[in-house]
Amino acid sequence: MKSFITKVPLLLAMPFLLLSCEEVEDAVKPQNPEVEEGTTYVINPGGHETTNPLKLVTANSMKFEVAFDSTAIYSTKNPNNQADINKLYGMSDCGTFHHENSARFGWRWYKNKLELHAYSYKGGKNTSTFITAIDLKKTYTCELTLTDTKYIYKVGDKTVEHERACTGEGKGYQLYPYFGGDETAPHEIKIKIKVLK
């Protein structure tokens with residue numbers, strides 16, 4: 001048994017011995033990272049959020065595709081809450097809690113349109129800015145860039161900038177889809193997100 005184990009590395013290396021130097025370089029050349037297939041996040045009726053593990057994030061940018069279906073159409077119990085912005089995807093920042101510093105995309109069904117917003121916290125102060133209206137059942141690419149002074153949100157050719165509280169690489173944790181606001185989801189809501197590497 002021992003002699004077999006000591007021969008395994010040599011057996012595994014043998015196919016490479018038959019290749020030329022150029023072929024070996026090609027064989028070990030790093031490949032582009034795979035793009036994940038995408039995740040459908042489900043917010044249950046009467047709930048605010050999806051169930052997700054804590055994921056620490058260190059990044060200068062975040063890029064993903066998103067698609068909403070007809071479950072994104074809703075009416076709030078209190079008409080004044082219809083303007084509230086639901087959260088889509090992003091990250092906390094500056095090594096703090098997300099209600100202190102964070103950047104994420106937001107969304108809402110408002111005046112018969114599905115809207116995407118820039119949604120951030122800087123030093124505990126919240127800012128939200130309309131980016132663009134989008135169509136149901138179509139895929140859109142969202143990109144968040146963190147510079148030393150700002151968050152840059154981009155959807156297609158639309159760009160919005162918000163101030164940032166810290167410099168350097170963003171450090172925090174992943175923020176996932178969340179409904180509300182004051183109210184919980186009136187019915188099941190499905191959002192498909194595919195992270196682009």
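This report walks through the folds, links and surface of the structure above.

## Ground rules

The model is predicted, so a local feature needs pLDDT of at least 70 and side-chain atom pairs count only at pLDDT 80 or more, while totals for chains, interfaces and linings use all residues. Residues are numbered from 1 along each chain as its sequence is written, and side-chain values use heavy atoms, with hydrogens and water left out.

## The big picture

Let's start with the parts list. The protein has two helices and twelve strands. Here, helices (H or I, at least four residues) and strands (E, at least two) are DSSP runs, numbered from the N terminus. Reading from that end, the elements go α-α-β-β-β-β-β-β-β-β-β-β-β-β.

How much of the protein is buried? Buried residues make up 38% of the 197 residues. The term buried stands for under 20% relative accessible area, exposed for over 50%, and partly exposed for anything in between (1.4 Å probe, protein chains only). The accessible surface comes to about 11700 Å², and carbon and sulfur atoms own 53% of that surface. Those areas come from the Shrake-Rupley method with a 1.4 Å probe, and for residues only the protein chains shown count as cover.

Now for contacts, meaning heavy atoms within 4.5 Å. Of the contacts with a separation of 6 or more, 66% are between residues 24 or more positions apart.

## One sheet, starting at β2

Strands of a sheet pair through backbone hydrogen bonds, either parallel or antiparallel. For this report, two strands pair if DSSP finds at least two bridges between them. One open sheet has six strands in the order β2-β11-β4-β5-β6-β7, with antiparallel pairing. Its edge strands are β2 and β7 (residues 125-134), and each of them pairs on one side only. Neighbouring strands in this sheet are turned by 30° against each other on average, direction ignored. For such angles, axes are lines fitted to C-alpha atoms (for helices, over the stretch in contact), and angles run from 0 to 180 degrees between N-to-C directions.

Zoom in on strand β2 (residues 56-59), where the side chains alternate. V57 and A59 point to one face and are buried, while L56 and T58 point to the other and are not. Four bridges join β2 to its antiparallel partner β11, and T58 has K171 in β11 as its bridge partner. Elsewhere in the sheet, β4 and β5 pair in the antiparallel sense over six bridges, with N86 standing opposite W107 in β5.

## Another sheet, starting at β1

There is also an open sheet of six strands in the order β1-β12-β3-β8-β9-β10, again with antiparallel pairing. Which strands sit at its edges? They are β1 (residues 39-43) and β10, each pairing on one side only. The twist from one strand to the next averages 25°.

Within this sheet, β3 and β12 run antiparallel and are joined by five bridges. F64 has V195 in β12 as its bridge partner.

## Salt bridges

Side chains of opposite charge can pair when their charged atoms come close. A salt bridge here is a side-chain nitrogen of Lys or Arg within 4 Å of a carboxyl oxygen of Asp or Glu. The structure holds seven of them.

One of the seven links E65 and K194, whose closest N and O atoms are 3.6 Å apart. E65 is in strand β3 (residues 61-68) and K194 in strand β12 (residues 189-195), so this pair ties together parts 129 residues apart in sequence. E65 is partly exposed at 23% relative accessibility, and K194 is partly exposed too, at 25%.

R164 and D93 also meet in a salt bridge, 2.6 Å from N to O. R164 lies in the loop between β10 (158-163) and β11 (170-175), and D93 in the loop between β4 (86-92) and β5 (102-110), so the pair ties together parts 71 residues apart in sequence. Are these two buried or exposed? Both R164 and D93 are buried.

## The disulfide

A disulfide is a covalent bond between the sulfur atoms of two cysteines. The cut-off used is a pair of cysteine sulfur atoms within 2.5 Å, and the whole structure has one disulfide. It joins C94 to C166, with 2.0 Å from S to S, and at -85° about the S-S bond the link is left-handed.

C94 lies in the loop between β4 and β5, and C166 in the loop between β10 and β11, so the link ties together parts 72 residues apart in sequence. C94 is partly exposed at 25% relative accessible area, whereas C166 counts as buried at 16%.
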